[in-house]
Amino acid sequence: MRAARLHQFGTSPVIDDVDIPARETGQTLVRIDAAALGHLDITVASGNFGVKPNLPHIGGTDGAATVIESDTYEPGTRLLVRGGGVGLFKNGCWAEYLVAADKAFTPFDPALSPAVAATFFLPSTTGYVAVNDVAAVAPGERVVVAGASGAVGSMAAQFALLAGASEVIGVVPRADQAVLLPEGVCPVVGQGDELAGVLGSEPSVDAVIDTLGGDGLPHLLASVVPGGRAALIGYTLGKSLTLDLPNWLLSDVRILPVNMIRKTARQAELAPEMIRLLVEGKISVAVQEFPLDDIATALQLMGEGKVAGRAVVVP
């Protein structure tokens, strides 16, 4: 089978021909129909993470698959792939076939396309948790979502609208990203110090959902009214935040982390509802598909912020 394997940390995976893995008792053999490319995958591949798999390593923590052989699932059953160490310290979904423990698989509604099934879990559950559990957006509130054209940001913007926000403002770094915003989201283009001008000099929003980080974050925080909230998810534009403590204390804005590593049980609880909303068309996940052979290109485009939604490879 073909598999994208990491041979050295900090480098791109290479397409290799390897044997189809053998199944043991308590495991399921599946054909991978689509595999997500996520920032966790990139972090693992960097070698700078607490989880360092043995090399060569097949990445990919999330996927959609069809059962080939199992003691638990009927052949042909459509399954989500996630958990059980898949793509972390065990081989993952960036391959034509995968063997993993039965607990790593969950049946899903076949009305979802494989590409959406492979990619919806993390952005939809993260967006939901950020908006409803962490920021606690209430009807009538004004919300800013930074990075609203990305997978997680888009979901956060959609859930803010579903929560009854009176206005959802989608901040994107580049003008070409504005067309990718969900329907009903007001676009604001800018980054860094530009945001001070486009967001205004006075606090005017109740909550910020930030997926970008970087030097625009202090301006986003300054836009929040006293007593408001800022839920921080990502750091694609920068990993550091410097606060003027006296003025931050005066602003009385809560800065809240969205740590999904500690919310795996909540994600599992939310998954059926996310699938229902997707099937009913009440939320949507933007997906850009790449052939498995183009995985290095896809990862590069992800790093440059040039993927429309969530990247997925199809073996």
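Visitor: Leaving aside its neighbours within four places in sequence, which residues is Ala156 in contact with?

Guide: Once those neighbours within four places are set aside, Ala156 is in contact with Gly127, Val131, Val145 and Ile209. Please keep in mind that this is a predicted model. Ala156 itself lies in helix 4, and its C-alpha is 9.5 Å from that of Thr211, although 55 residues separate Ala156 and Thr211 in sequence.

Visitor: Is Ala156 buried or exposed?

Guide: A residue counts as buried when its relative accessible area is under 20%. Ala156 has a relative accessible area of 0%, so it is buried.

Visitor: How many residues of helix 4 are buried, and which are they?

Guide: Helix 4 is mostly covered, with 10 of its 12 residues buried, and these are Ala151, Val152, Gly153, Ser154, Met155, Ala156, Ala157, Gln158, Phe159 and Ala160. As a general idea, an α-helix has 3.6 residues a turn, so residues three or four places apart point the same way. In the present case, the buried residues of helix 4 pack against a mixed set of elements, namely helix 3 (121-134), helix 8, strand 9 (142-146), strand 10 (167-172), strand 12 (205-210) and strand 16 (310-314).

Visitor: What span does helix 4 have, and what follows it?

Guide: From its first C-alpha to its last, helix 4 (residues 151-162) reaches 17 Å, which is close to the 16 Å expected for its 12 residues at 1.5 Å a residue. Helix 4 is followed by Gly164, which has a positive phi, near 95°.

Visitor: How many residues of helix 3 are buried?

Guide: Helix 3 is mostly covered, since 10 of its 14 residues are buried; among them are Phe121, Thr125, Thr126, Gly127 and Val131. Gly127 and Val131 have already appeared as contacts of Ala156, whereas Phe121, Thr125 and Thr126 are touched by Gln267.

Visitor: Where is Gln267 found, and what else does it touch?

Guide: Gln267 is found in helix 8 (residues 264-279), and besides the three residues just named it touches Arg82, Leu122 and Met260, not counting residues up to four places away in sequence. With a relative accessible area of 2%, Gln267 is buried.

Visitor: Which residues have a positive phi although they are not glycines?

Guide: One of them is Ala136, which has a phi of about 50°, and another is Asp252, with a phi of about 60°. Ala136 follows helix 3 and lies in the loop between helix 3 and strand 9, while Asp252 lies in the loop between helix 7 (245-251) and strand 14 (254-257). Partly exposed is the class between the 20% and 50% limits of relative accessible area. Ala136, at 43%, is therefore partly exposed, and Asp252, at 48%, also counts as partly exposed.

Visitor: What does Arg229 touch, and is it buried or exposed?

Guide: Arg229 is found in strand 13 (residues 224-232), and at 7% relative accessibility it counts as buried. Not counting residues up to four places away in sequence, Arg229 touches Ala135, Ala136, Val137, Glu141, Asp206, Ala207, Val208, Val224, Val253, Arg254 and Leu256, a list that includes the Ala136 discussed above. Arg229 and Ile209 are 20 residues apart in sequence, and their C-alpha atoms are 8.6 Å apart in space.

Visitor: Where is the cis peptide bond that involves Pro56?

Guide: The cis peptide bond joins Leu55 and Pro56, with omega at about -5°, and Pro56 lies in the loop between helix 1 (39-46) and strand 4 (57-58).

Visitor: How many helices and strands does the protein have, and how compact is it?

Guide: The protein has 9 helices and 16 strands. Its radius of gyration is 20 Å, close to the 20 Å that the globule rule gives for 315 residues, so the protein is as compact as a globular protein of that length. The C-alpha atoms fill a box of roughly 60 × 40 × 30 Å along the principal axes, and 48% of the 315 residues count as buried. Among contacts between residues at least 6 apart in sequence, 68% join residues at least 24 apart.

Visitor: What can be said of the surface and the charges?

Guide: The accessible surface comes to about 14200 Å², of which 53% belongs to carbon and sulfur atoms. There are 21 positive and 33 negative charges, and their mean positions are 4 Å apart.

How values were computed: Residues are numbered from 1 along each chain as its sequence is written. This is a predicted model: local features need pLDDT of at least 70, side-chain atom pairs count only at pLDDT 80 or more; totals for chains, interfaces and linings use all residues. Side-chain values use heavy atoms; hydrogens and water are left out. Helices (H or I, at least four residues) and strands (E, at least two) are DSSP runs, numbered from the N terminus. Buried means under 20% relative accessible area, exposed over 50%, partly exposed in between (1.4 Å probe, protein chains only). Contact means heavy atoms within 4.5 Å. The expected span of a helix is 1.5 Å times one less than its number of residues. The radius of gyration is taken over C-alpha atoms; the globule rule is 2.2 Å times the number of residues to the power 0.38. Accessible areas come from the Shrake-Rupley method with a 1.4 Å probe; for residues, only the protein chains shown count as cover. Lys and Arg count as positive and Asp and Glu as negative; His and the chain ends are not counted. The place of a charge is taken as NZ of Lys, CZ of Arg, CG of Asp or CD of Glu.
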